[in-house]
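Please follow the account below with the model in view. It moves from a small set of strands to the helices beside them, and then to other parts of the chain.

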Amino acid sequence: SRCCPQRRSADSTMVEAMDTDAPAPAPAEEEPAAPPDPASLYRADIRSAQASVERFVTSREPRFAQAALKLMACLRKAGLAAASPTQPVLAAAIASAFGPSHPLRERLLAALPPPAAEPEAADAAGAEGKEGGEAKKRPLLPEMELILELLVLLALIDGGKLPVAVSLADALLERVASWNRRTLDPFAERAYFYSSWAYEKAGKIEAVRSRLLAAQRTSCLHHNTACQATLLNLLLRSYMSAKLFVQADKLLAKSAFPEQASNGQLARYLYYTGRIKALQLEYSEAHRCLLQAQRKAPQSSSKAVGFKLTAHKLGAIVQLLLGEIPERAVFRASSTRAPMRPYLKLVQAVRTGDLAAFRDAMAEHAAVFAADGNAALVLRLRQNVIRAGLRNVSLAYSRIHLSDAAAKLALDTPGDMESIAAKAIRDGVIDATIDHEAGVLISSGSADTYSTLEPQAAYHKRITFCLNLHNDAVKAMSYPPDAHKGDLPDADAIKERQREEQELAEALAEEDEF
């Protein structure tokens, strides 16, 4: 019989009550996940890097090379961790990949702890036994070999074993020079960079300069963009560390920086160029290069902090030498406030023309300026401080004795006041005259700008710009951009010509048949 709705609702209510009264099963306790094994992660990253290298060699796509290089950076960070068991894993990878006759096998293994046992060795041996023989290993690619050697070199540098690192870097450069593979270029760039770093850390950067010059010539002949940019920056750094600024300037004049280089290498190149130009008194060019270097650097607050700080320090000094005042934002940022404090005192002394404050800042922070390599440029600021102070004195006094002006400027030798004032008048810093007999500096009154030729020059510049703009507009209207399209045949003419050509071809085909 058919059940009524009331009976069905009562039965469903009873079933729900029975289900509710039944005790719920206790949830199973989840065991906390065990932390990943660093050695296993390191081993997996090495295999991933090898796979990326193989795909790069096969497909020649740069993204696979970049992935392998990023993994190399991750492997280095894993090796820097405290009590990291990664070096035995690296030794095991080298012992497995490098053959017994490899020229660097023994040297690499001697620089690392004893190799760790491979956890998959037993399973692999069993599988090979089932197949009835050992599987042939794939040959180690030179690109992957270079990555493993670079990991050993970085471990030696980070561990402070500089003599061993220098000897390994020497062998590594010879190994790179013996290859001639275009797929090796992205990895050879890192090899040159880290090898030069090892020599620099050991205080022997001059010893590797000849090899870098030879590699630079070879990279230019092979149109190797990546190595060209890196080697040029390394050579500039080598010359600057040895105070060979003339040679560095000649290298800049006779070499061209590749346009396809990365932003990091371009920022370094612009910084080195700016420093060389600043030392050669080309302050405008130096300021332009340093400003571009700051813009090309990573804009993230956590990346390239040291480079941006160094560029800001040198840029502040160059701006002061140009007679400009740097922006306050550079000195107020939380990441640069403390390191830029010595340079802030220099800016304040130059802006107010206080020679005593400049001397105090020089004496207090002489070690900082020397460590930054800016001591020679800071010494040049003394003339700017004197000029700023003399400008303030000239504006405050219509007539002042030269000895009083020297006292206000706190000059070391008051007798030089007359020559300093004469040079400032000649350069146009102040508008004044000197009474040599009375020893008095006479300031001229503030001249009316409209009584000079400056307004006329400004109007002439603006009128010239408007006339040039008008002439360009007239030329653009005389030659419309689509004027050449009128000579082209239309669609109907093209169709008619194609039809005639087709009929002619058919007629020729019929004649050939007969």
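Which residue stands opposite Ile442 in β3? In this predicted model, that position is taken by Arg399. The strand involved belongs to a pairing in which β1 and strand β3, residues 440-443, run antiparallel to each other over 3 bridges. A further bridge partnership joins His401 to Val440 of β3.

Ile442 also serves on the β2 side, where Thr433 has Ile442 of β3 as its bridge partner. The pairing of β2 with β3 is likewise antiparallel and extends over 4 bridges. These two strands form a hairpin with 4 residues between them, and within this hairpin Gly439 adopts a positive phi near 65°.

Taken together, the 3 strands make an open sheet with the order β1-β3-β2 and antiparallel pairing. The edges are occupied by β1 (399-401) and β2 (432-435); each has a single partner strand, so one side of each is left without a neighbour in the sheet. From one strand to the next, the twist averages 20°.

Two helices accompany this sheet. Helix α21, residues 402-409, lies across β1, β2 and β3, and its direction is at about 80° to β1. Helix α22, residues 417-426, packs on the sheet as well, where it touches β2 and β3; the angle between its direction and that of β2 is about 150°.

Elsewhere, the aromatic rings deserve attention. The model contains 7 aromatic pairs. One of them joins Phe257 and Tyr269 in a stacked arrangement, with 4.5 Å from centre to centre and 20° between the planes. This pair links distant parts of the chain, 12 residues apart: Phe257 is found in the loop between α12 (245-254) and α13 (263-279), whereas Tyr269 lies in helix α13 itself.

The last topic is enclosed space. Where a volume of 30 Å³ or more is required, the count is 1 cavity, and the volume of the largest cavity is about 30 Å³. Its lining is formed by Gln50, Val53, Glu54, Pro139, Leu140, Leu141 and Met144. Which helix gives the most to this lining? Helix α2, residues 38-59, does so, with 3 residues. By character, the lining residues of the largest cavity comprise 5 nonpolar, 1 polar and 1 charged.

Definitions and conventions: Residues are numbered from 1 along each chain as its sequence is written. This is a predicted model: local features need pLDDT of at least 70, side-chain atom pairs count only at pLDDT 80 or more; totals for chains, interfaces and linings use all residues. Side-chain values use heavy atoms; hydrogens and water are left out. On a 1 Å grid over the protein atoms alone, a cavity is a set of points where a 1.4 Å probe fits but cannot get out, and a pocket is an open set with protein on both sides within 12 Å along at least five of seven lines; lining residues have an atom within 4 Å of a point. Grid points are joined across faces, edges and corners, and a volume is the space filled by probe spheres set on the points. Ala, Val, Leu, Ile, Met, Phe, Trp, Tyr, Cys and Pro count as nonpolar, Asp, Glu, Lys and Arg as charged, and the others, Gly among them, as polar. Two strands pair if DSSP finds at least two bridges between them. Axes are lines fitted to C-alpha atoms, for helices over the stretch in contact, and angles run from 0 to 180 degrees between N-to-C directions. Contact means heavy atoms within 4.5 Å. Rings of Phe, Tyr and Trp (its six-membered ring) pair if their centres lie within 6.5 Å; planes under 30 degrees apart count as stacked, over 60 as edge-to-face and the rest as tilted.
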